Every structure is written in structure tokens, then in C-alpha cells.
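Grab a pen and work through these exercises on a ligand site and some enclosed spaces. Try each task before you read its solution.

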Amino acid sequence: METRANFVDGAWVEGPDAVSDINPSDITDVVGIFSHADAKLVDRAVTAAKKAAPSWGASTPQARFDVLDFIGTEILARRQELGRLLAREEGKVLPEAVGEVVRGGYIFKFFAGEALRVPGEHLKSVRPGVEIDVLRQPIGVVGLITPWNFPFAVPAWKIAPALAYGNTVVFKPAELVPGCAWAIAEIIARSGIPAAVFNLVMGRGRVIGETLVNHPDVAGISFTGSVAVGRTLAASCARRMAKVQLEMGGKNPLVILDDADLGTAVQAAINGAFFSTGQRCTASSRLIVTGGIHDRFVRAMVETMAALKIDDALADGTDIGPVADEGQLSKDLAYIDIGKQEGAHLAAGGTQLEKAKRGYYLSPALFTNSTPAMRINREEIFGPVAGVIRVADYDEALAVANDTPFGLSAGICTSSLKVASHFKEHAQAGMVMVNLPTAGVDYHVPFGGRKGSSYGSREQGRYAIEFYTTVKTCYVAP
Ligand code: ADP
């Protein structure tokens, strides 16, 4: 099997090591072999990106549009093939994987358009005859560090705005999913983009990520990943005063009130908590349910869960694929034990499954009789594990929903417009969903949270401009 290389300064460059990319649905299946860069190669990539920054920063909107539109068009045309790669590499089911690829394609298309309309402002000065222009300019070299759970969409929503606003990029994907990252890089390499404007360096966070974060020529870091890494990374960026944007965990509440439509609530909970194997930072891991609907809701959840097919991500009819890797599976199982020890009742699932192929299969776990103070309801597990918390009324539900160090997404199922409007106003989250799962977002509007979930300006949609540009105010006298 050929080793897929890093992409540095317009050329494919092998690093000192290479690792196998393993299919979590079938651990005997090697998806590919990918080169790992070292600190020296990261330095080369940054130096090249720095050299390329002035001319890309001065390139025409048409040139940037053409590059981004080419990338988006090819991704959309190859959605089935790239979706298969994603499902095989990460373990989400094929329809979800194809959906993610499509979303990635549209993100490039969206930012192709944004490259044509980079905004500015023109104002009169308070001084006679003086004119003022407020300009948006690229920040320079950006380091993009991404997680394994959305191997296509997260890179797309960082790379596309970075390039659209005239920055040069050094992209470091998660170790578990080099296949999708490499496929994106390979398309970008053929897009007509000038050499060194986009670079791919694969490898470990501790080596490649840290080198990028601490490099004096990297003007900004956009990171999606764990809270622990995000915190240290923010401190490193602050020390050298680099711009930083972090998207981290969630412990997202889905409130279900007595007046909710039961079918809608169960669909939202099953999708939000368990689809994508629960490996979404927007997953609904806390199901906060009022007394009048609680027992019916739990019964319907258990019945629906029994009918879910957990199997190979590429097999027809699979609802939920495997956990992404062995480490994550052990973590999920450890939290399921913690839940039992804390006194919650495991109402369904939570066991490792044997399938025809050896993979990291786990049946989704639903805990009932759980309380807000339990670790399973406070810490992000990042697996198919959800806790039901019974509450008396909406006021208690809202208080419990907000009682978390996180604040990414919050959902409510209710038929009351008045209550939904109150929740929209008072949920302490960056995104609110009414009668919808907490996960599943559009590509043309801002994404992000508050409290421990996010730091810095929002990603996606037109709000991405905040991170990827700097403002210059120009005063001109005649
Ligand atoms: P997860 O593995 O749960 O997605 P991590 O925060 O460990 O979350 O990883 C997210 C991304 O951050 C990955 O690309 C990883 O390689 C990278 N990373 C991990 N540790 C560091 C670090 N110390 N500095 C920079 N990047 C890191």
C-alpha cells in the first residue's frame, strides 16, 4: 500500500514515520498508510505559508472564488466515494457520512461567494474633509487543528473561510482520520491554488499540534477538540499573543415537557443522543423530562432503541456504527460503570457487541433515575450514553439545563410557543433547538457556544470573518 504524504510548499513530502489508518467497523481493514510529519516539516510548512501570504492576501476575489468553487464542485461530485471513505475511516453510517461530505462541499461553495463580498465601511471623519475606510484584511498564516468526529465538515469550515479571506493555511488533522484530510488536500492541490497557500501536516497533537501552536509565524490558531487541550492551547497562544478560536465539548440538554409530542421528542432524543454513535459535541447527553411524560417517554425510548441496528458503518440499514477507536470505547464503558456506581439505572444498552467483523461496537446506553450532580451528567463522555433526569416543571428543567460548565447547544420539545420563546431567551447556550435534536446544524449560520464550550469568535456563516480577518481603520485627508 502506497504511503500518502504530507503536502508542504506545493509538494508531497514524506515525514520520518507512517501509520496505518484502521476501519473501526473491521479492525483487520487498513484504510491507508499515512505519513507523519515532524517538527522540522511543520516549520517548513509555516515558513512557506508565510512567504506565500502577501500575494495570496492580495489576490483578487475572483481568484479565491475560483479555487474555492473548484474544491466545492469536486467534493459534491464525489460525495458517494468520499462518503464511503469517511464511513470506513471514522465509523459513522454511510448516509450520515455522505451528508457530511455534501455539507463540506457546500461550505466551500458558500465561502467562494463570501470571497466576492468581503465587506468594508466608508465613513466621514468628525474632522472636516477627512474620509475614513474600515478594511478587513487577512491575519496571515493560520494553523487549523481538527478532531476526528467530523473529518470532512470541520476541516472544511476552517479551511474555506481561511482561504476566502486571504490567509494561508497549515492544516493538522486528527491522527485517527488522515484519510479524509488527505482527500481534501489532494483536491485543494489541484484547484489552481498557488504553492504553499495550503499545507497539510499529519501527525500527533503533542508534536505537530504543539509545534504549530508555538510557532512565532503562525498568526492564529483555530482548534476544535477537547477542553483539556483547548485550555493549554489558549494559554500558549496568549503567551505569544496569537489569535485563537476554540470549539470544545458540550453536555447538551434536551428538555422534554409534558405538552411535547411524544414521537417528536423520542426522535429528537434518539437522533441527538445516539446517532453518529453519540460522537458529536452537540449530542443530547442529558434528557431532562417532566413528570407527566417521563414514564411514557422512557418506555418509547427503550422500545425504539431495541429496534436500532448497530453494525458495520458501510452495511445497508445500519442505524449506528461503531465507536471510533479502542480508547474511546474504553472511555464509554468506564462511564457506563460510573453511572451504575453512582446509582443511576441502566434502562437499555451499554454493552459491547460482537459482530461478524471485529470492531468497536457498543449498544447505546440510556440511564434513568439519574441526577444533575452525577458525573455521567456533568462530564462529556463523547459516546452513545445519555442520562434521563426527571424534573417537576419547566422552571426546574431550565435550571437543570443551565447547570453545566458547558454551553454549546440546548433543545426543548414542547407545543407551547410561550415556553419555547422563554427557553430561546434563557438557555445558556450558543445554539437553541425547538422540537429538533440538539445536533444537526446548517452550514451558512454561526456555530459555537459559551461557557466551557467555546472561546473566541464564532465559526461558520458570515461570522467566520471575525477570526479570519483583522480590521484596519484608514484616515485620509485631501
Ligand atoms: P479528541 O481526540 O477528543 O478529538 P483532542 O483535543 O485530543 O480531542 O484532539 C483534537 C485535535 O487536537 C487533534 O488534531 C489532536 O491531534 C490535537 N492535539 C492534541 N493534543 C494537542 C496539543 N497538545 N497541542 C496541539 N494540538 C493537540
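## Exercise 1: Where the ligand sits

Take the space occupied by the ligand and rank it among the pockets of this predicted model.

Solution. The space that the ligand takes up is the largest pocket. So that's the place to start looking at neighbours.

## Exercise 2: Who surrounds the ligand

Work out which residues come nearest to the ligand, and which elements help to build the shell around it.

Solution.
- Step 1: There are 17 residues around the ligand, and the nearest are Thr146, Lys172, Glu175, Glu210 and Ser226.
- Step 2: Now look at the elements. Both α7 (205-213) and β11 (220-224) give at least two residues each to the shell.
- Step 3: Of these, α7 provides the largest share of the shell, with 4 residues.
- Step 4: Sort the shell by class, and you get 7 nonpolar, 6 polar and 4 charged residues.

## Exercise 3: Polar contacts and cover

Find the distances from ligand oxygen atoms to N or O atoms of Ser226, Glu175 and Gly205, say whether side chain or backbone is involved, then check how much of the ligand the protein covers.

Solution.
- Step 1: Use a cut-off of 3.5 Å between N or O atoms for a polar contact.
- Step 2: In Ser226, a side-chain N or O atom is 2.6 Å from a ligand oxygen.
- Step 3: Glu175 also uses its side chain, with an N or O atom 2.8 Å from an oxygen of the ligand.
- Step 4: For Gly205 it's a backbone N or O atom, at 3.3 Å from a ligand oxygen.
- Step 5: On its own, the ligand has 550 Å² of accessible area, and the protein covers 81% of that.

## Exercise 4: Enclosed cavities

Count the cavities of 30 Å³ or more, then describe the lining of the largest and the second largest.

Solution.
- Step 1: Searching the whole structure turns up 4 cavities of 30 Å³ or more.
- Step 2: The largest has a volume of about 80 Å³. It is lined by 15 residues, with Gly278, Ala283, Ser285, Phe382 and Gly383 closest to its centre.
- Step 3: By class, this lining splits into 6 nonpolar, 6 polar and 3 charged residues.
- Step 4: The second largest cavity comes in at about 60 Å³. Among its 13 lining residues, Pro253, Thr404, Phe406, Gly407 and Gln428 are closest to the centre.
- Step 5: Two or more residues of that second lining come from each of β13 (252-256), α13 (394-402) and β18 (409-413).
- Step 6: Sorted by class, the second largest cavity's lining has 6 nonpolar, 6 polar and 1 charged residues.

Definitions and conventions. Residues numbered from 1 in each chain as written. Predicted model: local features only at pLDDT ≥ 70, side-chain atom pairs only at ≥ 80, totals over all residues. Heavy atoms only, no water. Near = heavy atom within 4 Å. Polar contact = N/O pair within 3.5 Å; in protein donor to acceptor, adjacent residues only side chain to side chain. Areas by Shrake-Rupley, 256 points an atom, 1.4 Å probe, with all protein chains shown as cover. 1 Å grid on protein atoms, 1.4 Å probe; cavity = no way out; pocket = protein on both sides within 12 Å on 5 of 7 lines; lining within 4 Å. Sits in = over half its atoms within 2 Å of the grid points. Nonpolar A, V, L, I, M, F, W, Y, C, P; charged D, E, K, R; others polar. Points joined across faces, edges and corners; volume = space filled by probe spheres on them.
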